[in-house]
Amino acid sequence: MAKEQGQKIVAQNKKARHDYAIEDTFEAGLVLQGTEVKSLRQGRASLVDGFVDIDRGEAWLLGVHIPEYTQGTWTNHSARRKRKLLLNRVEIDKIERRVNEKGLTVVPLSLYFKDGRAKVEIALAKGKKSWDKRNAIAERTADREKQQALGRHLKGMSD
């Protein structure tokens with residue numbers, strides 16, 4: 001069987017980028033059961049309620065929903081079980097230290113296959129206040145209007 005190349009995104013957590021200010025990102029491998037991999041290859045997963053917990057020097061992914069594999073038998077996995085993340089000791093210590101010191105949280109941003117292996121992108125994030133969210137939306141709107149005005153100007157259209 002030919003080895004997969006490239007990256008195939010299975011799920012993204014777009015709400016995380018809206019609700020949190022992302023400070024640092026990490027790529028981690030996942031310890032999965034066979035039916036979980038098959039379900040992910042079908043593109044079925046949800047990261048909306050997911051978060052990462054550091055317990056006794058190990059990183060765990062909690063709250064991520066990977067539905068049961070439809071053709072699975074009694075060996076199917078539990079949809080919301082906790083899954084171990086594969087990170088270096090230095091990365092785990094860095095994440096744990098920053099979460100304890102600064103009160104940050106660790107959220108999953110995306111779940112994807114990279115060269116045939118399941119990976120999850122996690123981020124150290126700080127929660128935004130409602131006024132931060134409004135400022136971010138206003139900045140995006142202003143940038144969009146500026147780009148549209150520049151495009152109209154380059155095409156020779158009047159405002």
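This talk walks through the core, the strands, one helix and the salt bridges of the structure above. Keep in mind that the model is predicted.

Let's start with the core. The largest nonpolar core has 26 residues. Which members touch the most others? They are L85, L87, I95 and I122. Several elements give two or more residues to this core. Among them are strand 1 (7-12), strand 2 (20-30), helix 3 (89-102) and strand 7 (117-127). Strand 7 gives the most, with 4 residues.

Now zoom in on L85. Leaving out residues up to four places away in sequence, L85 touches A28, G29 and L30. L85 also touches V52, A59, W60 and L61. V120 and I122 complete that list of contacts.

There is a second, separate core too, with 5 residues. Its members include A16, L109, A123 and A125.

On to the strands. Take strand 6 (105-114). Of its 10 residues, 8 are buried, so strand 6 is largely enclosed by the rest of the structure. What does strand 6 pair with? One partner is strand 1, in the antiparallel sense, over 5 bridges. In that pairing, A11 has L111 of strand 6 as its bridge partner. Strand 7 also runs antiparallel to strand 6, and 9 bridges join them. Here T105 has A125 of strand 7 as its bridge partner. Strands 6 and 7 form a hairpin, with 2 residues between them. Look at D115 in the turn: its phi is positive, about 55°.

Follow the chain past strand 7. K129 sits in the loop between strand 7 and helix 4 (130-155). Is K129 buried or exposed? It counts as exposed, because its relative accessibility is 53% and the cut-off for exposed is over 50%. K129 and D19 are 110 residues apart in sequence. In space, their C-alpha atoms are 8.1 Å apart.

Next, helix 2, residues 34-41. Four names to find here: T35, E36, S39 and L40 are buried. They cover an arc of only 140° around the axis, so they lie on the same side of helix 2. What covers them? The cover includes strand 1, strand 5 (83-86) and strand 6. After helix 2 comes G43, with a positive phi near 80°.

Last topic: charges. The structure holds 9 salt bridges. I'll show three.

First up is E23 with R98. Their closest N and O atoms are 3.0 Å apart. This pair links distant parts of the chain, with E23 in strand 2 and R98 in helix 3, 75 residues apart. E23 is partly exposed, at 39% relative accessible area. R98 counts as buried, because its relative accessibility is 17% and buried means under 20%.

Next is K94 with D24, at 3.3 Å from N to O. Again distant parts of the chain are linked: K94 is in helix 3, D24 in strand 2, 70 residues apart. K94 is partly exposed, at 32%. These two pairs belong together: E23, D24, K94 and R98 are linked in a network of salt bridges.

Finally, E36 with R83. Their closest N and O atoms are 2.7 Å apart. E36 is in helix 2 and R83 in strand 5, 47 residues apart. How much of this pair is accessible? E36 is buried at 0% relative accessible area, and R83 is buried at 1%. E36 is also one of the buried residues of helix 2 that we met earlier.

Definitions and conventions: Residues numbered from 1 in each chain as written. Predicted model: local features only at pLDDT ≥ 70, side-chain atom pairs only at ≥ 80, totals over all residues. Heavy atoms only, no water. Core = buried A, V, L, I, M, F, W, Y, C linked by side-chain atoms within 4.5 Å. Buried < 20%, exposed > 50% of the residue type's maximum accessible area, 1.4 Å probe, protein only. Contact = heavy atoms within 4.5 Å. Pairing = 2+ DSSP bridges. Arc of directions from axis to C-beta. Salt bridge = Lys/Arg side-chain N within 4 Å of Asp/Glu carboxyl O.
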